[in-house]
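Trainee: I am new to this structure and would like a close look at a single part, the place where the two domains meet. Could you take me through it slowly?

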Amino acid sequence: MIHKQKTLFSGIQPSGILTIGNYIGAIRQWLEMQNEYNCLFSLVDMHVITVRQDPKLFRQQTLDVFALYLACGLDPNKSIIFAQSHVSAHSELAWILNCITNHGELSRMTQFKDKSQRHSDNVNVGLFAYPVLMAADILLYQSDIVPVGDDQKQHLELARNLAQRFNHHFGETFVVPEPMIPKQAEGGRIMSLQDPEKKMSKSDANQGAYINLLDEPNKIRKKFKRAVTDSDNEIRFAEDKPGISNLLTIYSAFTNKAISDIEKEYEGKGYGALKTDVGDTVADFLEPIQQKFAEIRPDETQLLKMLHEAATKADKLARPTLNKVMDAIGFLPRG
Ligand code: TYM
């Protein structure tokens, strides 16, 4: 209860079932912080359409991810858990922020470069301006703190720059948000099981590369057994051993054991033993989440009702900031 006055914002794109990367890098932090901060957790669905979606699947996936938030333990009585598209102030502020963002600073964004390569048939303006919408998400609620994985560092830097730039030109308006990013060994960047030089991603074409939170226990075990590692059979966290280091990070995240203790525990044991134990641990950890998901996911009416209530609350918080911004810029007052 120490920081009750501080506001925290974070979000995940409902572009597929969440992975253990999303869990370790983001949700795990959120679960701790929902008791200490005024939290807003968003299904950032407006970001998802920067890549072409099938409407029916998109709708289902957004509800899946909401039900997963709840199944993981996020509590709508403690936090505002809402869909970004239900609060129109996000896109209104994004437009305004577009007008103080330089083309050059967006061209440098690595996520844009990656995604425009992967979706070269659809390099749309929304994909380019994606980080500006993300800045709007954060600044709209005067967020003090934004817990994210390591891959969002550059986007967070832009959000801070835009807040400072706006304040400089138009007077103190926005809180400049602080990122909260776990170190790599603490799960800030969980890597692909098939290519440990690459981030684990829910949109990876190779399903063996990621564990999603709804994978069946046997599938989870199999994926870990097939995880790509080096061949020296020594269990040690090291830069030149990205595959094993990744398994150690995942194991540590789900058991709360220190990596150095795990290294000792597996001295003299082979990779097979570690892979089996990580697989079992993750499968066991996810079982209650999967059960809870199966219980709550079918009641779509209830899920929507919860989202609508949350959107009303979020909208109430967002409006005053948007009004302040529009006033500072010189728009005529609304009737
Ligand atoms: P998204 O949907 O890609 O990922 C959601 C969160 O999960 C983290 N994450 C990871 N952490 C560790 N290892 C991984 N392999 C891994 N993969 C994903 C991400 O860092 C993120 O915290 N742009 C954001 C969504 C967003 C947002 C926001 C976040 C939009 N507006 C405002 C915070 C605040 C994104 O694409 O996340």
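Mentor: What follows is a walk through the interface between the domains, with a short look at the ligand afterwards. This is a predicted model, in which local features need pLDDT of at least 70 and side-chain atom pairs count only at pLDDT 80 or more, while totals for chains, interfaces and linings use all residues. Residues are numbered from 1 along each chain as its sequence is written, and side-chain values use heavy atoms, with hydrogens and water left out.

The domain assignment divides the chain into domain 1 (7-183 + 300-329) and domain 2 (207-295), and such bounds come from an automatic or database domain assignment. The centres of domain 1 and domain 2, taken over C-alpha atoms, are 29 Å apart. To the contact between them, domain 1 gives 12 residues and domain 2 gives 15 residues, where contact means heavy atoms within 4.5 Å.

Between them, domain 1 and domain 2 bury about 1200 Å², and 84% of this lies on carbon and sulfur atoms; buried area is the accessible area (1.4 Å probe) that two parts lose on being put together, summed over both. On the side of domain 1, the residues that lose the most area to domain 2 are Ile20, Tyr23 and Ala71, which together make up 42% of what that side buries.

Turning to polar links, there are 0 salt bridges between domain 1 and domain 2, a salt bridge being a side-chain nitrogen of Lys or Arg within 4 Å of a carboxyl oxygen of Asp or Glu. The interface does hold 2 residue pairs in polar contact, both at pLDDT 80 or more; a polar contact is a pair of N or O atoms within 3.5 Å, and within protein one must be able to donate a hydrogen and the other to accept it, with residues adjacent in sequence counted only if both atoms are side-chain atoms.

On the side of domain 1 that touches domain 2, the elements giving two or more residues are helix 1 (20-33) and helix 3 (55-72), and helix 3 supplies the largest share, 5 residues. Helices here are DSSP runs (H or I, at least four residues), numbered from the N terminus.

As for the ligand, a polar side-chain atom of Asn22 lies 3.1 Å from one of its oxygen atoms. A nitrogen atom of the ligand is 2.7 Å from an N or O atom in the side chain of Tyr130, and a polar side-chain atom of Asp137 also lies 2.7 Å from a ligand nitrogen atom.
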